[in-house]
Amino acid sequence: MRNLLFVISGPSGVGKGTLVDRLLERDDRLIESVSCTTRSPRPGEVDGREYFFLSREEFLARMQRGEFLEADEHFGNFYGTPFPFVKEQLKEKSVILEIDVVGGANCKKLFPEKTILILIAPPSKEELCARLVGRDKTTVEAASYRLSRAEYELGQRDSYDYVVVNDDLERATEELLSIIEKEINKD
Ligand code: ADP
Ligand code: 5GP
């Protein structure tokens, strides 16, 4: 059995968080890395659960101390994967990183043997827009920047090991679980 880094990427609103929660419930060989960010919490988000919410100063100080496996800026905010946590967890478990395509590519460069890149794609652009607007209780206009970024993310599908369409939640969950099973058991 291999302990791996499963990178789950895809556009904002595609359902990454929802799918990852289901994977964690069903496979106890998995643990999720909690990223740090400088963005503000959304309603219902809890510090240390969805993210560690840091000030810009604190984030930059940690970055300078080399505490992130990778870090990037999205929508004017910083996001980073805590290196010490991931290293420690990999001794016992496979770690899920819910990070963007650039972060995923950086992990693959650092740990080519351990990193499995999975892109979550929406069934259609209209459905992605509906999920984003539904979740954030916002307008199509306010979501438009995240939607334009989606084009870029989905355009990177060739650099991914797997693409899973999040059409039906249960079907997509099963597909992800079978990918994980197969990769963990590879020699
Ligand atoms: P992400 O983490 O990719 O930004 P979320 O997991 O927050 O996306 O999902 C965005 C919204 O879409 C949420 O309201 C979630 O309940 C909904 N959602 C996720 N997957 C599906 C699906 N397969 N069908 C319908 N709605 C979904
Ligand atoms: P959101 O603000 O919607 O939670 O996330 C915005 C984007 O940041 C998403 O594409 C998400 O995958 C990405 N992201 C979240 N955490 C990290 C991280 O630690 N590193 C990188 N590179 N991207 C991240």
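**Exercise 1. Which side chain has an N or O atom 2.6 Å from an oxygen atom of ligand 1: that of Thr18 or another?**

Solution.
- Keep in mind that the model is predicted.
- Begin with the side chain of Thr18. One of its N or O atoms is 2.6 Å from an oxygen atom of ligand 1.
- Apply the cut-off. A polar contact needs a pair of N or O atoms within 3.5 Å.
- Then check Arg135. Its side chain also places an N or O atom 2.6 Å from an oxygen atom of ligand 1.
- Turn to the backbone. An N or O atom of the Gly17 backbone lies 2.9 Å from an oxygen atom of ligand 1.
- Add the cover. Of the 570 Å² of accessible area that ligand 1 has on its own, the protein covers 73%.

**Exercise 2. Describe the shell around ligand 1: how many residues surround the ligand, and which helices each supply at least two of them?**

Solution.
- Count the residues. Ligand 1 is surrounded by 14.
- List the closest: Gly13, Lys16, Thr18, Arg135 and Asn166.
- Assign helices. H1 (16-26) and H5 (125-136) each give at least two shell residues.
- Find the main supplier. H1 provides the largest share, 3 residues.
- Sort by type. The shell holds 3 nonpolar, 6 polar and 5 charged residues.

**Exercise 3. Work out the polar contacts of ligand 2: which side chain has an N or O atom 2.7 Å from a nitrogen atom of ligand 2?**

Solution.
- Look for the nitrogen atom of the ligand. The partner is Glu70, with a side-chain N or O atom 2.7 Å from that nitrogen of ligand 2.
- Move to oxygen. A polar atom in the Arg42 side chain lies 2.8 Å from an oxygen atom of ligand 2.
- Add Thr81. An N or O atom of its side chain is 3.3 Å from an oxygen atom of ligand 2.
- Finish with the cover. Ligand 2 has 510 Å² of accessible area on its own, and the protein covers 96% of that.

**Exercise 4. Describe the shell around ligand 2: how many residues surround the ligand, and how do they divide into nonpolar, polar and charged?**

Solution.
- Count first. There are 19 residues around ligand 2.
- Name the closest: Ser35, Arg39, Tyr51, Tyr79 and Asp100.
- Locate the suppliers. Strand S5 (68-74), strand S6 (77-82) and helix H6 (140-155) each contribute at least two shell residues.
- Divide by type. The shell around ligand 2 has 4 nonpolar, 6 polar and 9 charged residues.

Definitions and conventions
Residues are numbered from 1 along each chain as its sequence is written. Chains are lettered from A and ligands numbered from 1 in the order in which they are written. This is a predicted model: local features need pLDDT of at least 70, side-chain atom pairs count only at pLDDT 80 or more; totals for chains, interfaces and linings use all residues. Side-chain values use heavy atoms; hydrogens and water are left out. A residue is near a molecule or strand if one of its heavy atoms lies within 4 Å of it. A polar contact is a pair of N or O atoms within 3.5 Å; within protein, one must be able to donate a hydrogen and the other to accept it, and residues adjacent in sequence count only if both atoms are side-chain atoms. Accessible areas come from the Shrake-Rupley method with a 1.4 Å probe; for residues, only the protein chains shown count as cover. Helices (H or I, at least four residues) and strands (E, at least two) are DSSP runs, numbered from the N terminus. Ala, Val, Leu, Ile, Met, Phe, Trp, Tyr, Cys and Pro count as nonpolar, Asp, Glu, Lys and Arg as charged, and the others, Gly among them, as polar.
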